[in-house]
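Look over the structure below before reading on. The paragraphs after it go from single residues to the chain as a whole.

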Amino acid sequence: MVHCSCVWLRKYGNFIDNLRLFTRGGSGGMGYPRLGGEGGKGGDVWVVAHNKMTLKQLKDKYPQKRFVAGEGANSRVSALKGSKGKDCEIPVPVGISVTDENGKIIGELNKEKDRILVAEGGLGGKLLTNFLPLKGQKRVIHLDLKLIADIGLVGFPNAGKSSLLSQVSHAKPAIADYAFTTLKPQLGKIMYNDFKQISVADLPGLIEGAHMNKGMGHKFLKHIERTRQLLFVVDISGFQLSSQTQYRTAFETIILLTKELELYKEELQTKPALLAVNKMDLPGAQDKFRVLMNQLQNTKDFLHLFEKNMIPERTMEFQHIIPISAITGEGIDELKNHIRKSLDEHANQEDDAYHKKQLLNLQISNTIFYSDPPPKNSVTSPR
């Protein structure tokens with residue numbers, strides 16, 4: 001059994017998940033017409049990923065959000081080839097997608113030290129340019145945080161996601177007795193005894209109609225895209241947003257959550273998912289859990305109970321279903337272990353898939369190399 005201990009939670013009161021920046025490459029240096037000297041190229045602007053960076057830190061450090069590289073040196077008698085201008089580096093968190101003003105993806109930064117060129121420096125003056133330097137490229141870019149956590153908690157308001165986060169990471173998110181307790185993402189980390197860390201995001205409460213941008217709507221669903229795996233959290237007693245809305249059982253809650261994900265983006269349903277059935281400390285919870293398990297094991301037998309537009313094309317396949325109580329701590333250790341196991345298994349599968357792809361590419365390139373006929377005009381050496 002893997003033993004876990006708490007580590008810390010950072011409460012992102014001013015959570016920022018996207019930024020708009022102005023970037024400009026440096027101008028080139030002047031050429032030297034009389035001696036044919038070339039000016040130095042202007043510096044380039046790069047976006048570089050750093051593990052310990054956040055978009056909020058970037059905004060606080062550079063409130064003007066302008067990044068301009070250095071100018072290339074002029075050509076002169078003592079140095080006919082002018083030196084290149086100083087590059088400008090923009091430090092960003094890992095998991096950033098960089099797009100231009102038109103929404104076209106320039107690139108993604110998925111690991112530490114990944115870098116993307118976003119604005120190129122201008123050429124130095126040379127014969128081709130009549131020895132006049134060119135200006136650097138100007139570009140407005142958007143930084144969009146793509147991956148915010150390993151695990152994203154998915155559930156309707158009051159399912160107990162904040163309480164669960166405080167249990168798995170000993171975090172202290174604000175918890176109150178009303179819907180929409182969480183308005184901004186809260187990030188916690190589970191730390192295991194072998195120092196493995198897993199980040200967990202408690203995201204703003206999802207409601208029916210979120211795919212139409214009701215409630216937190218698309219902002220919530222966008223955050224879900226940025227997690228490796230999903231952890232559905234449902235109240236065993238069901239859910240009712242208000243006296244004006246319909247009461248939903250735990251099973252109906254799962255079906256509706258699945259439908260909301262599907263209507264927003266079908267790929268969300270392909271993410272690995274676990275299910276935590278919360279509030280098992282309540283009276284009658286065990287009987288309700290037995291009913292729920294029967295419904296989940298025979299989902300097709302119960303779909304006729306739903307209106308047609310509420311039924312998802314495909315139902316979620318949960319790798320593990322864990323009964324828990326975020327209040328008493330029941331099932332929390334088991335849940336942590338399943339989270340760890342699931343992430344490790346999928347990391348191994350991704351590694352295997354990557355190595356198979358590399359091997360296939362190598363085999364294809366070797367086949368092409370060996371099967372290519374010699375050129376028609378090639379000369380064969382005599383034996």
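A residue counts as buried under 20% relative accessible area, as exposed over 50%, and as partly exposed in between. Leucine 80 has a relative accessibility of 36%, so this residue is classed as partly exposed. Within the chain, leucine 80 sits in the loop between β4 and β5 (88-93). Together with Leu35 and Val77, Leu80 makes up a nonpolar patch on the surface, and the accessible area of the three comes to about 260 Å².

The model is a predicted one, and its confidence varies along the chain. Mean pLDDT is 82, with 79% of the residues at 70 or more. Of the elements, strand β4 (residues 66-68) has the highest mean pLDDT, 98, whereas strand β1 (residues 4-10) has the lowest, 35. Two stretches need separate mention. Over residues 173-183 pLDDT stays under 50, and the model gives this segment 27 contacts beyond four places in sequence. Residues 213-217 also stay under 50, with ten contacts beyond four places in sequence. Where pLDDT is low, the coordinates of a prediction should not be read in detail.

The chain has 383 residues, of which 46% count as buried. Its secondary structure consists of six helices and 15 strands. Among contacts with a separation of 6 or more, 74% are between residues 24 or more positions apart. The area exposed by the chain is about 21100 Å², and 52% of this is supplied by carbon and sulfur atoms.

Where is the largest nonpolar core built from? This core has 30 residues, and Phe232, Leu275, Val277 and Leu292 have the most contacts inside it. Two or more of its residues come from each of β13 (227-235), α4 (250-264), β14 (273-278) and α5 (285-297). The element that gives the most is α4, with seven residues. Leucine 292 shows some of the contacts involved: beyond its neighbours within four places in sequence, leucine 292 touches Ile236, Ala250, Phe251, Ile254 and Val277. Another core lies apart from this one; it has 27 residues, including Leu19, Ala49, Leu55 and Leu143.

Burial is not confined to nonpolar side chains. Helix α2 (residues 161-169) has eight of its nine residues buried, so the helix is largely enclosed by the rest of the structure. The buried residues of α2 are Lys161, Ser162, Ser163, Leu164, Leu165, Ser166, Val168 and Ser169.

Serine 199, in strand β12 (residues 197-202), is also buried, at a relative accessible area of 14%. Is serine 199 buried or exposed by the cut-off used here? Its 14% relative accessible area makes serine 199 buried, because the limit is under 20%. Apart from neighbours within four places in sequence, serine 199 is in contact with Ile148, Ala149, Asp150, Ile151, Gly188 and Lys189.

Glycine 124 belongs to the loop between β8 (115-119) and β9 (138-145). With a relative accessibility of 3%, glycine 124 is buried. Outside the four places to either side in sequence, glycine 124 has contacts with Gly28, Gly29, Gly39, Gly40, Lys41, Thr129 and Pro133. The C-alpha atom of glycine 124 is 8.2 Å from that of alanine 73, a residue 51 positions away along the chain.

Conventions. Residues numbered from 1 in each chain as written. Predicted model: local features only at pLDDT ≥ 70, side-chain atom pairs only at ≥ 80, totals over all residues. Heavy atoms only, no water. pLDDT = per-residue confidence, 0-100. Helix = DSSP H or I, 4+ residues; strand = E, 2+ residues; numbered from the N terminus. Contact = heavy atoms within 4.5 Å. Core = buried A, V, L, I, M, F, W, Y, C linked by side-chain atoms within 4.5 Å. Buried < 20%, exposed > 50% of the residue type's maximum accessible area, 1.4 Å probe, protein only. Patch = residues over 30% accessible without salt bridge, like charges linked within 9 Å, V, L, I, M, F, W, Y side chains within 5 Å. Areas by Shrake-Rupley, 256 points an atom, 1.4 Å probe, with all protein chains shown as cover. Salt bridge = Lys/Arg side-chain N within 4 Å of Asp/Glu carboxyl O.
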